[in-house]
Amino acid sequence: MAVDRLSERAQKSLYRPENQMFLATLRAVRTRAGLTQGDLGDRLGRSQNYVTAAERGVIRLDGLQIRDWCQACGTDLVTWAREIEKALRSGKAPS
């Protein structure tokens with residue numbers, strides 16, 4: 001049984017259910033900051049389409065891009081990490 005759990009966790013993160021929590025947390029950070037996707041794109045020097053694609057999981061963000069996202073929304077990576085961990089433990093997406 002332990003091997004089965006490991007194989008579930010070893011699958012690509014794109015296909016793991018936790019990925020939806022990750023994406024919801026990105027959206028929540030932006031919306032709490034009162035930013036539209038276009039606003040955030042402007043702050044990041046990117047397009048609104050980039051923000052949309054990131055929030056939908058079409059493109060994947062690396063750690064530095066997530067940090068930039070957080071800073072553009074007036075928060076930091078540590079706060080975001082705590083929020084995603086809380087969401088993953090509770091099984092509830094942030095609002």
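Modeller: In this predicted model, helices are DSSP runs of H or I with at least four residues, strands are runs of E with at least two, and both are numbered from the N terminus.

Colleague: What pattern does the protein chain follow, read along the sequence?
Modeller: The count comes to six helices. Strands come to zero. Read along the sequence, the pattern is therefore written with helix symbols: α-α-α-α-α-α.

Colleague: What percentage of the contacts with a separation of 6 or more joins residues 24 or more positions apart?
Modeller: Contact here means heavy atoms within 4.5 Å. Among the protein chain's contacts with a separation of 6 or more, the share at 24 or more positions apart is 59%.

Colleague: How much of the exposed area of the protein chain do carbon and sulfur atoms supply?
Modeller: The protein chain has 95 residues, and 29% of them count as buried. It exposes about 6400 Å². Of that area, carbon and sulfur atoms supply 51%.

Colleague: Which helix gives the largest share of the largest nonpolar core?
Modeller: This core has 17 residues. α2 (18-32), α4 (48-56), α5 (63-72) and α6 (77-90) each supply at least two of them. The largest share is four residues, and the helix behind it is α5.

Colleague: Which residues have the most contacts inside that core?
Modeller: One of them, L61, touches L26, Y50, A54, I66 and W69, leaving out residues up to four places away in sequence. Another, W80, sits in helix α6. The full list for the core is L40, L61, W69, C73 and W80.

Colleague: Is W80 buried or exposed?
Modeller: Beyond its neighbours within four places in sequence, W80 is in contact with F22, T25, L26, V29, I66 and C70. Its relative accessible area is 9%. The cut-off for buried is under 20%, so W80 is buried.

Colleague: How far apart in space are W80 and R67, C-alpha to C-alpha?
Modeller: In sequence, W80 and R67 are 13 residues apart. In space, the C-alpha to C-alpha distance is 8.8 Å.

Colleague: Why is there no bond between the sulfurs of C73 and C70?
Modeller: A search of the whole structure finds zero disulfides. C70 is in no disulfide, and its nearest cysteine sulfur is that of C73. A disulfide needs sulfur atoms within 2.5 Å. The C73 sulfur is too far for a bond because its distance to the closest cysteine sulfur, in C70, is 7.0 Å.

Colleague: What is the relative accessibility of C70?
Modeller: C73 is buried, with a relative accessible area of 9%. C70 also counts as buried. For C70 the relative accessibility is 0%.

Colleague: How many salt bridges does a search of the whole structure find?
Modeller: Side chains of opposite charge can pair when their charged atoms come close. The cut-off is 4 Å from a side-chain nitrogen of Lys or Arg to a carboxyl oxygen of Asp or Glu. Pairs that meet this include E55 with R30, at 2.5 Å. The search finds three.

Colleague: How many residues apart are E55 and R30?
Modeller: Both partners are buried: E55 has a relative accessible area of 3%, and R30 has one of 9%. E55 is in helix α4 and R30 is in helix α2. The pair links distant parts of the chain, with a separation of 25 residues.

Colleague: Which residue meets R32 in a salt bridge?
Modeller: R32, in helix α2, is partly exposed at 48% relative accessibility,. Its partner lies 51 residues apart from it, in helix α6. That partner counts as buried at 17%, and has T25, A28, V29, R32 and P94 among its contacts. The N to O distance is 2.5 Å, and the residue is E83.

Colleague: Is R89 buried or exposed?
Modeller: R89 and E85 meet in a salt bridge at 3.8 Å, N to O. Both lie in helix α6, four residues apart, about one turn of the helix. E85 counts as partly exposed at 42% relative accessibility. R89 reaches 65%, and the cut-off is over 50%, so R89 counts as exposed.

Technical notes. Residues numbered from 1 in each chain as written. Predicted model: local features only at pLDDT ≥ 70, side-chain atom pairs only at ≥ 80, totals over all residues. Heavy atoms only, no water. Core = buried A, V, L, I, M, F, W, Y, C linked by side-chain atoms within 4.5 Å. Buried < 20%, exposed > 50% of the residue type's maximum accessible area, 1.4 Å probe, protein only. Areas by Shrake-Rupley, 256 points an atom, 1.4 Å probe, with all protein chains shown as cover.
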